[in-house]
2 protein chains.
Amino acid sequence: MDLVKVGVVGCGTVGSGVVEILLKNGDLIEKRTGKKIELSLVADRNVEKVKKLDVPENIIVDDGFKVVDSDVDVVVELIGGVTVAKEIVLKSLKNGKHVVSANKALFASYGKELFEEAKRNGVSIRFEASVGGGIPVIKALNEGLVANRIEKILGIINGTANFILTKMTENLLPFKAALQIAKDRGYAEADPSFDINGIDAAHKIAILSSIACGRWITVDDVYVKGIRDITPFDIEFANEFGYRIKLLAVAKFENGTIEVRVHPAFLPKSHILSSVDGVFNACLIEGDFVGPTLYYGMGAGKEPTASAVVADIADIASSRGSSVPAQLLYQESQIFIKNPEDFVSSFYLRFTAVDKPGVLSKISGILAKYGISIKMAFQKNVGFNGGVPVVMTTHDASFKTVRRAVEEIDNLDVILNPTFLCMIEE
Amino acid sequence: MDLVKVGVVGCGTVGSGVVEILLKNGDLIEKRTGKKIELSLVADRNVEKVKKLDVPENIIVDDGFKVVDSDVDVVVELIGGVTVAKEIVLKSLKNGKHVVSANKALFASYGKELFEEAKRNGVSIRFEASVGGGIPVIKALNEGLVANRIEKILGIINGTANFILTKMTENLLPFKAALQIAKDRGYAEADPSFDINGIDAAHKIAILSSIACGRWITVDDVYVKGIRDITPFDIEFANEFGYRIKLLAVAKFENGTIEVRVHPAFLPKSHILSSVDGVFNACLIEGDFVGPTLYYGMGAGKEPTASAVVADIADIASSRGSSVPAQLLYQESQIFIKNPEDFVSSFYLRFTAVDKPGVLSKISGILAKYGISIKMAFQKNVGFNGGVPVVMTTHDASFKTVRRAVEEIDNLDVILNPTFLCMIEE
């Protein structure tokens with residue numbers, strides 16, 4: 001029976017969940033893996049907080065670097081951020097420790113550097129909890145679908161944004177009111193900007209894309225738009241015409257090109273992702289042999305995230321994935337990241353116009369000039385931001401063309417506010 | 001660079017898919033795993049068929065035992081059945097070969113024996129493709145959720161039955177007409193009894209339950225009922241009252257007891273499994289820390305199933321799970337398999353009665369005598385098998401009590417046919 005010594009750095013929400021699992025299910029995990037996983041050190045600046053978790057006093061330290069320099073086999077980095085966390089991870093790897101982390105920002109920014117360091121030292125670095133909370137989606141992509149060329153990933157991978165959009169849909173609430181509910185329930189942080197602006201989802205899709213295509217995609221490669229501009233009017237329109245609005249993370253791989261984006265999107269109600277509501281996450285991954293597969297579960301929270309962290313520890317203990325995944329090192333050089341201007345999609349456009357005759361003709365005239373074909377136009381006689389809403393959906397057009405046409409339309413006297421545009425994912 | 005030599009025994013549908021993947025995506029798999037997977041031998045009685053797959057003639061043999069006795073590292077058993085297949089697998093293990101197989105019947109009947117043989121010889125035996133086709137659900141359960149005590153598994157894991165029920169629901173077709181469509185489309189075999197009687201799903205839930213609880217559950221431990229008795233009337237009633245009827249595989253773990261069953265069930269439309277239609281499969285797995293997680297995809301077919309087989313080969317090549325999963329050997333002795341008589345559920349009951357006054361009173365009188373509380377009763381004035389249908393749903397009751405009450409009711413003069421009963425999974 002091998003003994004695997006684990007040191008946890010950062011005993012906040014997820015860290016305390018890891019401690020709880022190892023205390024409660026440690027025996028079961030030992031039976032399943034054949035290895036004894038020992039909680040050897042727990043570091044947190046707040047030592048008193050850790051004591052309350054039934055952690056023996058003699059294994060609590062107040063400084064993460066004490067774990068890095070100890071005799072543990074695995075360092076679990078759960079302090080977050082990309083400064084001290086990066087130092088902790090790099091130094092652990094240099095000290096020959098395996099590393100487990102839930103830090104999506106760290107991998108989406110410095111993944112290449114960290115994985116090269118791990119390889120140099122012949123140790124493993126694992127990050128299941130960085131995407132999709134407790135859902136073993138990285139394992140699925142990395143191992144379960146290894147036989148497949150990945151063609152598409154569609155994800156609802158930010159629980160906060162999904163909760164807000166679900167509330168807006170269920171109760172036709174304005175964005176701000178739904179955000180307040182999310183805050184009240186503890187689903188949104190005091191500063192929720194990373195979640196509602198799409199940055200968190202961009203980190204996650206960068207990580208999934210990297211695994212899928214064998215080259216590091218960073219968060220800077222991802223086109224990002226948040227959910228602030230969505231109104232109940234848009235939600236209602238979408239609903240009437242058979243759609244849901246979701247914050248979607250998308251990666252499409254075709255002919256050596258990757259298209260990576262995070263933005264609100266219209267999704268047909270019949271699409272399996274449309275029924276993913278509240279704080280749940282889901283990832284649809286399509287491979288050339290397996291076809292579409294979906295992974296669904298709690299995308300955040302103490303216990304689900306800790307479940308993924310402990311699975312990584314168990315994998316290291318079982319010597320599964322004992323080295324860095326080869327595909328993250330082969331650095332496929334032939335891959336090109338598509339410019340957002342070249343995205344092709346059908347679009348939803350919501351104009352705010354003065355209530356005068358001729359408005360529809362002016363708008364549609366400009367769209368025609370740019371060769372944008374209208375699928376449906378709809379003008380509603382309700383007050384909307386001081387004017388009336390005019391809504392159109394288009395057939396496929398390039399993002400570049402649509403943006404230019406909208407820019408010209410927004411300069412018209414009859415248009416009162418910047419136009420809201422949203423891709424439709426059929 | 002290590003070389004891993006693979007021999008495929010049985011080159012039918014799935015076997016030819018495995019060959020195709022290794023030929024098409026072999027380079028990619030090598031980059032991802034860092035190992036070269038070589039197709040070294042292919043055995044099939046029909047040598048000519050194999051030649052057409054671009055397999056070099058010198059690696060084709062006509063006898064599976066030639067693969068077993070060759071120098072390959074991994075034997076892939078894809079001939080099916082439990083006689084020759086069992087010999088092939090056992091002899092391969094004895095010869096020190098790792099084994100990959102998609103043979104659910106084999107594992108659900110002889111899993112214990114095969115795993116003990118693998119352990120004796122220090123080799124690996126993997127079976128991802130035996131459940132859920134291309135969906136990496138066994139990997140999820142075995143590795144991704146290793147930190148969790150598994151509380152519940154709910155699966156739609158037979159594509160043929162799910163296709164038939166979907167067709168019956170969409171077009172209100174009788175069972176036989178929907179079965180014919182399934183046959184015409186190649187989704188049902190000439191003899192479809194294993195699929196429609198629930199045996200195939202029972203094999204699969206036996207395998208999943210075994211992994212979840214650390215003790216071999218065989219197909220004989222599973223309560224099984226098929227879908228033959230479902231009528232369009234039941235489907236329509238379910239729909240009106242907010243349900244779908246699905247062939248559900250269920251495993252519930254509580255206080256050292258397992259309840260394992262396969263049967264048609266009423267499922268609320270809002271349940272995520274209700275939207276799993278056609279030949280798709282899905283498994284909902286709940287753990288004590290991770291909460292509910294779902295895995296969805298193509299549950300059968302050449303390419304998805306081959307994707308799972310190749311993932312197992314790649315795992316062996318990468319030495320992930322290089323030995324038998326420990327949990328399938330620890331043989332938890334404290335686990336008790338619940339007698340179907342003790343299942344507790346709410347029920348849907350459809351009686352066929354003569355069209356006379358007093359029928360409802362007689363039926364409900366007997367239910368009352370047995371202490372079964374009626375949630376809803378509904379008598380429809382339409383012809384049904386020579387009488388009129390009387391439908392009831394109950395509150396929670398034990399299967400034993402409901403069966404006895406129904407037996408007594410079926411002996412009434414006013415009842416024309418055996419009563420159809422179906423559990424409601426809320």
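Let me begin with the sheet in chain A, which is an open sheet of six strands in the order β3-β2-β1-β4-β5-β6, with parallel pairing. At its edges stand β3 (60-61) and β6 (125-126) of chain A, each of which pairs on one side only. I should say at once that this is a predicted model, so please hear everything that follows in that light. As general background, the strands of a sheet pair through backbone hydrogen bonds, and they may do this in a parallel or an antiparallel way.

If we look inside the sheet, strand β1 (residues 2-9) of chain A runs parallel to strand β2 (residues 35-43) of chain A, and eight bridges join the two. To take one position that you can find for yourselves, A:Val8 has A:Val42 in β2(A) as its bridge partner.

Two helices that pack on this sheet deserve a mention. Helix α4 (residues 84-94) of chain A touches β1, β4 (74-77), β5 (98-101) and β6 of chain A, and its direction makes about 170° with that of β4(A). Helix α12(A) also packs on the sheet, where it touches β1, β2, β4, β5 and β6 of chain A, and its direction makes about 160° with that of β5(A).

Let me stay with α12(A) for a moment. Helix α12 (residues 302-317) of chain A has 16 residues, which at 1.5 Å a residue should span 22 Å, and its end C-alpha atoms are indeed 22 Å apart, so the expectation and the model agree. Of those 16 residues, 14 are buried, so α12(A) is largely enclosed by the rest of the structure. Just after this helix, A:Ser319 takes a positive phi of about 60°.

Why would one remark on a positive phi? Because most residues other than glycine have a negative phi. Another case is A:Leu172, which is not a glycine and yet has a positive phi of about 45°; it lies in the loop between α7 (159-171) and α8 (175-184) of chain A, and with a relative accessible area of 36% it is partly exposed. In chain B, B:Asp54 has a positive phi of about 70°, sits in the loop between α2 (47-51) and β3 (60-61), and is exposed, its relative accessible area being 65%.

Finally, is B:Asp312, in helix α12 (residues 302-317) of chain B, buried or exposed? Its relative accessible area is 3%, and since buried means under 20%, B:Asp312 counts as buried. Leaving aside residues up to four places away in sequence, B:Asp312 touches B:Val100, B:Arg126, B:Phe127, B:Glu128 and B:Ala129.

Notes
Residues are numbered from 1 along each chain as its sequence is written. Chains are lettered from A and ligands numbered from 1 in the order in which they are written. This is a predicted model: local features need pLDDT of at least 70, side-chain atom pairs count only at pLDDT 80 or more; totals for chains, interfaces and linings use all residues. Side-chain values use heavy atoms; hydrogens and water are left out. Helices (H or I, at least four residues) and strands (E, at least two) are DSSP runs, numbered from the N terminus. Buried means under 20% relative accessible area, exposed over 50%, partly exposed in between (1.4 Å probe, protein chains only). The expected span of a helix is 1.5 Å times one less than its number of residues. Two strands pair if DSSP finds at least two bridges between them. Contact means heavy atoms within 4.5 Å. Axes are lines fitted to C-alpha atoms, for helices over the stretch in contact, and angles run from 0 to 180 degrees between N-to-C directions.
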